[in-house]
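Subject: Structure for you to look at, with notes

Dear colleague,

I am passing on the structure we spoke about, and my notes on it follow below. Please keep it open beside the text while you read.

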Amino acid sequence: MRRYGRNADEDDIRVRPNRKGNRPRTSIRPKHEDAAEGMVLTVDRGRITCLVGDRTITAMKARELGRKAAVVGDRVSLVGDLSGNKDTLARIVRIGERSSVLRRTADDDDPYERVVVANADQLAIVTALADPEPRPRLVDRCLVAAFDGGLEPLLVMTKSDLAPPEKLLELYGALDIPYVVTNREELYDGGAADRVREHLAGRTTAFVGHSGVGKTTLVNALVPEERRRSTGHVNAVTGRGRHTTTSALALPLAGAGGWVIDTPGVRSFGLNHVDPSRVIHAFPDLEPGTEGCPRACSHDEPDCALDAWVEEGRADTARLYSLRRLLATRERHEDD
């Protein structure tokens, strides 16, 4: 049944009022061509601190971004109040494409991955040589996450005044991972911090490590003008430290043109999100040998072609052992 005449005017059309008082939804999204570019420094309970030029801006994510979250290291586009004044708030309207991503899951059975850091060049894996004892399985897991996410690993060993580094280095010698050995005394006189800083110049480096290994103490030595609360307490019963860094934070590395990203201490590093087939890309001397492998080869089974590849002298046996140890780490618990 027709409600209006053939020549209905706009005034004749009945428009239902919007009970919620807001504007109707539309699929057309603004382009925000005048948005300013910035970098995410930290995220805290929905508030996102960004660097825009030389100003620190507090922002929130625009609703139009949906479930996509901004993380530390993201390159973003912002609109709104970009003055950086107190009680002002900008809005993130775009998140740029990421060149690398450090991800983890709560455990190996957790299907939900968490992006920890974006656009970092390097992952500094910090482990103490004693107090708490080294956990090679956790280091292995961090290495797998680095290789999977496109980050180059750097091994930083702390507390060398309590134990020598040789035993731990034997495990990773075949991987050709750069490393630095430090202790607390050398951090105070600047020598150890300078050695670490040489590996960070001009790069964006995320620091990750088990609680209590001295990660934040190291970051404080590298960026003394931005000191974070650190911990010297390790539980005598469990051998575990206490979390003092509660959110990731990007800090400029003065005089070196790089960035240091301090992340909260981890007690587990799930790898449910990692495709084992991508780990082989970190072993360019072994990867050509996989052409003869059976389909979906785990690289640790009787028909794996890598055994013959090594026997022919095309790669070192220690390298194959390291690859298989990293691939197997998904099936082990960190406390093994």
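Leaving aside its neighbours within four places in sequence, which residues is Leu 323 in contact with? They are Val 279, Ile 280, Phe 283, Leu 286 and Leu 306. I come back to the surroundings of Leu 323 below, after some words on how far the coordinates can be trusted.

Please bear in mind that this is a predicted model. The mean pLDDT of the protein chain is 84, and 82% of its residues reach 70 or more. The stretch to treat with caution is residues 230-244, over which pLDDT stays under 50, although the model does have 35 contacts beyond four places in sequence for these residues. Where pLDDT is low, the predicted coordinates should not be read in detail.

As for the chain in general, it has 336 residues, of which 48% are buried, and it contains seven helices and 13 strands. Among the contacts with a separation of 6 or more, 65% are made by residues 24 or more positions apart. The protein chain exposes about 19,000 Å², and carbon and sulfur atoms supply 46% of that area.

The interior

The largest nonpolar core has 51 residues, and Leu 323 is one of those with the most contacts inside it, together with Leu 123, Ile 125, Leu 143, Phe 269, Phe 283 and Leu 286. Helix H1 gives the most to this core, with seven residues. Apart from this core lies another one of 22 residues, which includes Ala 124, Ala 193, Val 213 and Leu 251.

Helix H1, which covers residues 136-149, also holds Arg 141. Is this arginine buried or exposed? Arg 141 counts as buried, because its relative accessibility is 1%. The C-alpha atoms of Arg 141 and Phe 269 are 6.5 Å apart in space, although 128 residues separate the two in sequence.

Strands E1 to E3

Strand E1 (residues 36-44) runs antiparallel to E2, and five bridges join the two, with Thr 42 standing opposite Thr 49 in E2. The two strands form a hairpin with two residues between them, and in the turn Arg 45 has a positive phi of about 50°. E2 also pairs with strand E3 (residues 55-61), again in the antiparallel sense and over five bridges, and here Val 52 stands opposite Arg 55 in E3. This second hairpin likewise has two residues between its strands, and Gly 53 takes a positive phi near 65°.

Strand E2 itself, residues 47-52, has two faces: Ile 48, Cys 50 and Val 52 make up the covered one, whereas Arg 47, Thr 49 and Leu 51 make up the uncovered one.

Salt bridges

Side chains of opposite charge can pair when their charged atoms come close. The count for this model comes to 16 salt bridges, and I describe some of them here.

Arg 45, already met in the turn between E1 and E2, forms a salt bridge with Asp 44, in which the closest N and O atoms are 3.2 Å apart. Asp 44 is partly exposed, with a relative accessible area of 38%, whereas Arg 45 counts as exposed at 78% relative accessibility.

A second salt bridge joins the side chains of Arg 98 and Asp 74, at 2.8 Å from N to O. Arg 98 lies in the loop between strand E5 (90-95) and strand E6 (101-104), and Asp 74 in the loop between E3 and strand E4 (75-80), so this pair ties together parts that are 24 residues apart in sequence. Asp 74 counts as buried at 0% relative accessibility, while Arg 98 is partly exposed, with a relative accessible area of 25%.

The third pair is Asp 148 and Arg 278, whose side chains meet in a salt bridge of 2.6 Å, N to O. This pair links distant parts of the chain, since Asp 148 is in helix H1 and Arg 278 is in the loop between strand E13 (258-262) and helix H6 (306-311), 130 residues apart. Asp 148 is buried, with a relative accessible area of 12%, and Arg 278 counts as partly exposed at 30% relative accessibility. Both residues belong to a network of salt bridges that also links Arg 103 and Glu 113.

With best wishes

Notes
Residues numbered from 1 in each chain as written. Predicted model: local features only at pLDDT ≥ 70, side-chain atom pairs only at ≥ 80, totals over all residues. Heavy atoms only, no water. Buried < 20%, exposed > 50% of the residue type's maximum accessible area, 1.4 Å probe, protein only. Helix = DSSP H or I, 4+ residues; strand = E, 2+ residues; numbered from the N terminus. Pairing = 2+ DSSP bridges. pLDDT = per-residue confidence, 0-100. Contact = heavy atoms within 4.5 Å. Areas by Shrake-Rupley, 256 points an atom, 1.4 Å probe, with all protein chains shown as cover. Salt bridge = Lys/Arg side-chain N within 4 Å of Asp/Glu carboxyl O. Core = buried A, V, L, I, M, F, W, Y, C linked by side-chain atoms within 4.5 Å.
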